[in-house]
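Let's take a walk through this one, chain by chain and then across the contact. Keep the viewer open as you read.

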Amino acid sequence: MSRAFVNTVAVARLEWRRLLVRPLAWVLAALTLAWLAWNFTLLLGGFLAGQIQRAALPDGPGFTDLVGVPLLGQLAQLAFLVVPLLCMSVIAGERRNGTLPLLFAAGVPASRIVLGKYLAVLGWLLLWLLLTLAMPLALTHATHVDWGKLAAATLGLALMLAALAAIGVACSSFASHPALAAAAALVIALALWSVNLGAQMAGINGGAINWLAMSTHLQPLLRGLVSTADIVWFALLIVLALALATRRLAADKERN
Amino acid sequence: MTSPPPASPKTVLQLDRVSRRRASRAAVQDLSLSLQSGQVMGLLGVNGAGKSTTLSMIAGALRPDSGGIELNGEDFLEHPELARTQIGWLPERAPVWAELSVDEHLDAHGRLRGLNGAALRQARTAIIERLELQPLARRLAGVLSQGQRQRLGLACALLHRPALLVLDEPANALDPVQVAALRALIREQAASGTAVILSTHLLAEVTAVCDRVAILHEGILRHDGAVLADDHAALEKTFFGIAMNGNTESARAA
């Protein structure tokens, strides 16, 4: 195993352990899953109530369209608040507690610190996504699931969570206080989501401003359309955010 | 914990005209010194003299603005990863991850230093026994007293048997019994060939454990010489001469 890999795994394990014992991560997971479970029952109730009317339609929406994907859509909305809160302390908290130099002094480069912390947060978020997904999946024996559409929506959500986590880690690396990091990540994520709102209202569907918006790239995935361009957009955003975080963290060693 | 002493002392640490600015002022200026294996060097200075900045640079937590640092003959600034296996650092106030237990701290530090599996368990057990941390092993670091944190920080610094031990005010918040144990531990490390550099405000600490003393004042090395055992008065004279007048000449005159 290369030293870089060992370093990254060591940082990721440390951050994962810290997440596991931190009440905030559990409280966020518990509250959001309870909220999603409640909404799942409402969506399911609506789906069951409209079953007879939809039976008359040859290509009517099914369980995936009316329960699975809307539930993931709700998770996406919650993610705007949950991810910044989960990421806020990963670097800003270490800087505040004076533990960041311990990682530098262990010979771990800034890039590995950022990557390790990012992977730990991402692991937690993917677990959150899987638990949410378990709700519609629990009914697969009783209903017809459009697996392709559900897989595309899950991929979209996973990419969105990964992008929000990268933004959260980047904001945490720039901020001196975790609360500032959370606020900055929330504002940036919302701005990125709605940057094309004006263009949409004006009826413009193309151009750079629409390309820049996260919604442009998530919505096709939620509809079951997987395109390389959308995946590349998320990958670019993740790489950019992590590169900025690495650069800022490396500067800590130079500046402090 | 201990390994056989090396046949002949070799230069573990070499600082060559190291400088660093902090908060728009020169914290350390043109600092040159060397440290051999088995040697214990005390770094003295008043508050703000540049001791912690110097030790942070030696530990790899801070990069010098200019100058060079060699670790066992290799360029440390070119290869900061050398810190992983060769340096153990106890920072000032011993920062900890409050959410982790003492055991988990040692595991995390061990993994960061490349220890895993049986080697990590063995090293952890040995250091817990040596520093008598058994009663604290499962306690969260966040609830430890400052003295207990110091001991945990020391355990983390020693876990991977470094060639160079960097201790920033290690006797902070320790009771007299723990101070005596710390001195014994430092001597033990030096006897096994580890080079030790420690900063302190306590002159008695230097005369008790150090072979050499370096005195920093306003970021400049004003004195570097041997420490004569029990010659507390001479050290006091030198130190206060530098601290009050800012140069060695006045110290000699005093």
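What follows looks at each chain, then at two helix pairs, and finally at where the chains touch. Bear in mind that this is a predicted model.

Start with chain A. Its secondary structure comes to 13 helices and zero strands, so if you read along the sequence you simply pass one α after another, in the pattern α-α-α-α-α-α-α-α-α-α-α-α-α. How does the radius of gyration of chain A sit against the globule rule? The value is 20 Å, close to the 18 Å that the rule gives for 256 residues, so chain A is as compact as a globular protein of that length. Put a box around its C-alpha atoms along the principal axes and you get roughly 70 × 40 × 35 Å. Of the 256 residues in chain A, 42% are buried. As for how the chain folds back on itself, take the contacts with a separation of 6 or more: 81% of them are accounted for by residues 24 or more positions apart.

Now zoom in on some helix packing in chain A. Two packed helices are described by the angle between their axes and the distance between the axes. Try helix α1 (residues 3-21) of chain A against helix α7 (residues 110-137) of chain A: the angle is about 45°, and the axes are 7 Å apart. Because angles under 35 degrees count as roughly parallel and the perpendicular range starts at 65, α1(A) is oblique to α7(A). The crossing of these two, α1(A) and α7(A), is right-handed. On the α1(A) side, the residues making the contact include A:Ala4, A:Val11, A:Trp16 and A:Leu19, while α7(A) brings, among others, A:Ile113, A:Leu119, A:Gly123 and A:Trp124. Sorted by class, the contact of α1(A) with α7(A) has ten nonpolar, four polar and three charged residues.

A second pair is worth a look: helix α8 (residues 147-174) of chain A and helix α9 (residues 178-194) of chain A. Their axes come within 8 Å and cross at roughly 140°. That angle makes α8(A) oblique to α9(A), and α8(A) passes α9(A) in a right-handed crossing. From α8(A) the contact takes A:Leu164, A:Ile167, A:Gly168, A:Cys171 and A:Ser172; α9(A) answers with A:Ala181, A:Ala184, A:Ala185, A:Ile188 and A:Ala189. By class, the contact of α8(A) with α9(A) has eight nonpolar, two polar and no charged residues.

On to chain B, which has nine helices and ten strands. Its radius of gyration is 18 Å, close to the 18 Å that the globule rule gives for 254 residues, so chain B is as compact as a globular protein of that length. The C-alpha trace of chain B spans about 55 × 40 × 40 Å along its principal axes. Buried residues make up 49% of the 254 in chain B. Among contacts in chain B between residues at least 6 apart in sequence, 68% join residues at least 24 apart.

Finally, where do the two chains meet? The contact takes 25 residues from chain B and 22 residues from chain A. On the side of chain B that touches chain A, α1 (51-59), α2 (83-86), β6 (87-90) and α3 (102-112) of chain B each supply at least two residues. The largest share there, four residues, comes from α3(B). By class, that side of chain B divides into 14 nonpolar, three polar and eight charged residues.

Terms used:
Residues numbered from 1 in each chain as written. Chains lettered and ligands numbered in written order. Predicted model: local features only at pLDDT ≥ 70, side-chain atom pairs only at ≥ 80, totals over all residues. Contact = placed C-beta atoms within 7 Å. Nonpolar A, V, L, I, M, F, W, Y, C, P; charged D, E, K, R; others polar. Rg over C-alpha atoms; globule rule 2.2 N^0.38 Å. Buried ≥ 20, exposed ≤ 12 C-beta atoms within 10 Å, placed from the backbone. Axes fitted to C-alpha atoms, helices over the stretch in contact; angles between N-to-C directions. Parallel < 35°, antiparallel > 145°, perpendicular 65-115°, else oblique. Left-handed = near helix turned anticlockwise from the far one by under 90°.
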